[in-house]
Structures are given as structure tokens and as C-alpha cells.
Amino acid sequence: MSVEKSSKAARGTVQCDNSSFSLLKANDFMAENIRKTVKEKNILLINITSSAGSGKTTLMQETAKRLKDKLKMKVLVGDLETERDADRIKEAGVEALQIVTGGICHLEAQMVWQAMDQIDLEGVDLLFVENVGNLVCPASFDLGEDYRVTLIATTEGDDKPKKYPRMFLTSDLMLVSKCDLLPYLPFTVEAVTKDARDINPDLEVMEIASTSGQGIDEWCNWLLAKVKEKQEAKAVTA
Amino acid sequence: MHEISLVRNIFNTLEDEFSKEDLDRLTGIDLKVGLLANVEPTLMQNAFEAVTETENKFLKAKLSINVVPILVECPLCGDVAEVKNYLFQCGNGHPTNNVIQGEELLIERVHFQED
């Protein structure tokens with residue numbers, strides 16, 4: 001039960017209801033606001049997560065180069081400090097806004113909501129949120145995204161998913177990045193896929209290498225299909 | 001990793017839900033934390049002590065953390081099973097990501113002085 005502030009004094013043990021006493025309540029409320037806004041504006045919102053250095057920003061650059069003439073894409077990018085990543089993405093020809101978290105290890109929905117207020121969302125088809133490089137904390141924070149995409153680089157080791165189960169449980173697509181290095185590393189796509197699918201049997205998996213271009217067309221086609229799917233669903237309900 | 005901000009969330013939630021007079025008589029907070037919540041009980045206790053002392057609030061309150069296991073419910077056969085070794089499947093071996101317990105991060109109960 002929820003206790004009104006005006007009710008008589010609380011005594012003894014008070015059993016709490018789940019919705020008011022969730023510690024992520026404020027985040028989940030903002031995430032719902034974001035979800036509603038992107039639905040109204042017909043924008044596909046993708047939350048990109050990974051460890052630090054797995055190639056999120058490089059993937060954003062390559063995605064921007066390939067898709068900027070096909071649709072309107074923008075990127076919000078979270079980091080503890082510096083504007084470096086946003087600068088790199090802008091060089092690829094799309095608008096990017098840096099969210100400096102000032103030491104916080106993950107993005108929260110409130111930060112994304114504020115950043116969305118600072119960019120023009122009119123006509124945008126695809127909005128990426130590049131999360132802080134960390135497989136732990138960002139897993140717990142819903143940002144109102146349509147899809148959560150997690151990168152795992154071949155340089156990280158193929159036994160990572162079970163060490164960070166919640167991230168892989170809550171992801172829709174796993175991109176195995178830096179696949180051009182596979183011949184030199186004790187990493188197999190089969191092993192990482194098995195480890196991740198033990199946690200999440202529905203997880204889609206793609207192999208990419210941003211610097212050589214391997215798999216990037218497949219990834220871009222996945223995005224185009226998801227944008228189309230969302231816009232068609234909106235058209236049906238409109 | 002973000003235990004301090006979680007402790008602040010506990011404080012904010014309690015201040016939203018109870019009056020200051022009630023909270024002056026707070027003696028205990030019971031959290032329910034799922035195994036998937038990425039919360040380490042020892043770090044949470046340390047963060048709780050640090051924040052209560054810094055903010056001079058809820059100094060009489062004891063924090064208890066109830067860690068609950070991950071449970072999945074199979075959409076195929078309806079079996080409910082505990083996830084062990086991060087192998088997400090029901091008791092009949094059907095893979096599933098339908099988690100029904102284990103992601104909680106909740107204040108489950110609060111205790112106040114009786115008198």
C-alpha cells in the first residue's frame with residue numbers, strides 16, 4: 001500500500017507497493033515520456049551500448065556515411081568527459097550532441113530527455129543514443145528506446161556475455177565488432193553467440209568490422225527495415 | 001557502481017511517500033534486490049552509511065538487503081524455474097528470456113517506531 005502524507009502517523013512495519021517504491025521510478029517515468037515522444041514524431045530510437053573501446057563511435061561514423069542520404073539521422077552521445085565523440089560523428093556528416101555525464105557511469109532517461117530538447121527533432125527518422133562505454137550500469141536504465149543494440153568486440157573475449165548478463169538479456173541485437181581481427185585472436189563468433197543466447201535466446205547476432213566495411217550493409221539494412229516498420233505501424237494507427 | 005545515487009533515490013522516494021514526522025521515527029528500510037540489478041549489498045551498505053552521515057538523515061535506520069534469485073516462466077510449458085549459472089531456461093530445458101523475478105530494485109518494507 002502507498003501511504004498518503006496526510007494520513008495518520010506511520011507505525012510499525014509498512015509494506016510498500018512495487019510501483020511507487022521502485023528506486024528506478026523516476027527514470028522509468030522519463031523513459032515512458034521519451035517513448036511517447038518518439039512514437040508521436042515517428043522516430044526510431046536506438047540505444048547503443050558496449051564496453052569502452054568496442055567501436056561504438058566508429059560504427060556511428062560508418063552508419064552516418066552510408067545512411068545520411070537515405071534518411072535523417074542524429075546522434076546523442078554520452079561520455080564522462082570531453083566532446084571528442086560528438087566531433088568525430090559530426091565529421092561523418094550528421095548532427096551529433098554530446099551528453100557529458102560528469103562522472104556518472106551511465107545515461108539516465110532524464111539526460112536523454114534534456115538532450116532531445118536541444119536538437120531539432122523535426123523530420124528525424126533515426127535517433128541514436130550512444131551510451132557510456134560500460135556493460136554494467138547502463139543495462140538497468142531504460143531510455144525509452146525501440147531497440148537496444150550491444151557491441152562486443154573480438155578483442156574483448158568471447159566469454160563476456162555471462163559476466164554481464166543483464167545487458168545481454170535486455171538487448172535485441174548483438175553486433176560482434178572488429179571481426180576483421182578474428183584470424184589473430186582466440187575468439188569465436190560461435191562461442192560468444194552461445195554464451196549470449198544462453199541468457200537471451202531471442203538475441204539477434206551480426207558480425208561487423210567498421211574499418212573494413214564487413215557487415216555494415218547488413219546492419220544498415222536492419223536499421224532501414226526497422227525505421228520502415230515503425231513508420232508503417234504509425235501510418236496504420238494514424 | 002552507482003550505489004550512492006541509488007541511496008539518494010531511497011531518500012527521495014521515502015520523502016515523497018512519507019511525512020517528515022514519520023521519517024524522524026524511521027528505524028529500518030528493507031530493500032528487495034534482484035540478482036540482475038547489478039547491486040552489490042556490501043557497497044550499498046557502505047554507501048547508505050556514508051550518505052546518512054553526510055546528510056545527517058535517517059541515522060537510526062537500519063538497511064536490510066534481501067537479494068532474490070532470477071526466476072523465469074516458460075511461455076511454452078508454463079514452468080517456473082530458478083536460473084542457475086546464467087543459463088536462462090525452464091525446468092524442462094526450454095530456453096526463455098521471460099524473467100519474472102530478478103530485476104527488482106525496490107523498497108519492500110519500511111519500519112517505524114511503534115510508540
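In this predicted model, strand 7 of chain A (residues 173-177) is a good place to start: 4 of its 5 residues are buried, so the strand is largely enclosed by the rest of the structure. Strand 7 of chain A has a pairing partner in strand 6 of chain A, residues 147-153, and the two run parallel over 5 bridges. Within that pairing, A:Val149 sits opposite A:Leu173 of strand 7. Strand 7 of chain A also pairs with strand 8 of chain A (residues 204-207), again in the parallel sense, this time over 4 bridges. Here A:Met174 is the residue that faces A:Val205 in strand 8. To get from strand 7 to strand 8, chain A passes through its helix 6, and the resulting β-α-β crossover is right-handed. As a reminder for anyone looking at these strands on screen, side chains in a regular strand alternate between the two faces of the sheet.

Stepping back to the whole of chain A, the count comes to 7 helices and 8 strands. The radius of gyration of chain A is 19 Å, close to the 18 Å that the globule rule gives for 238 residues, so chain A is as compact as a globular protein of that length. Its C-alpha trace spans about 70 × 40 × 40 Å along the principal axes. Of the 238 residues in chain A, 45% count as buried. As for contacts within chain A, taking those with a separation of 6 or more, 73% come from residues 24 or more positions apart.

Chain B has a parallel pairing of its own, with 7 bridges joining strand 1 (residues 26-34) to strand 2 (residues 62-68). B:Leu31 is set against B:Ile65 of strand 2 in this pairing. The route from strand 1 of chain B to strand 2 of chain B goes through helix 3 of chain B, and this β-α-β crossover is right-handed. Helix 3 of chain B covers residues 41-55, and its length checks out: at 1.5 Å a residue its 15 residues should span 21 Å, which agrees with the 21 Å between its end C-alpha atoms. Just past the end of helix 3 of chain B comes B:Asn56, with a positive phi of about 55°.

Strand 1 of chain B pairs with strand 6 of chain B as well, in the antiparallel sense and over 7 bridges. B:Leu31 turns up again here, with B:Ile107 of strand 6 as its bridge partner. Strand 6 of chain B then leads across to the other chain: this strand (residues 105-112) and strand 1 of chain A pair in the antiparallel sense over 4 bridges. In that pairing between chains, A:Gly12 is found opposite B:Phe112 of strand 6.

The interface as a whole puts 33 residues of chain A in contact with 30 residues of chain B. On the chain A side, at least two residues each are supplied by strand 1 (12-15), helix 5 (165-169) and helix 6 (189-199). Strand 1 of chain A gives the most to that side, with 4 residues. Sorted by class, the side of chain A that touches chain B is made up of 16 nonpolar, 10 polar and 7 charged residues. Helix 6 of chain A thus has two entries in this account, as one of the elements that supply the side touching chain B and as the link in the crossover from strand 7 to strand 8 of chain A.

Conventions: Residues numbered from 1 in each chain as written. Chains lettered and ligands numbered in written order. Predicted model: local features only at pLDDT ≥ 70, side-chain atom pairs only at ≥ 80, totals over all residues. Contact = placed C-beta atoms within 7 Å. Nonpolar A, V, L, I, M, F, W, Y, C, P; charged D, E, K, R; others polar. Pairing = 2+ DSSP bridges. Expected span 1.5 Å × (residues − 1). Buried ≥ 20, exposed ≤ 12 C-beta atoms within 10 Å, placed from the backbone. Right-handed = clockwise from strand over helix to strand, strands pointing away. Rg over C-alpha atoms; globule rule 2.2 N^0.38 Å.
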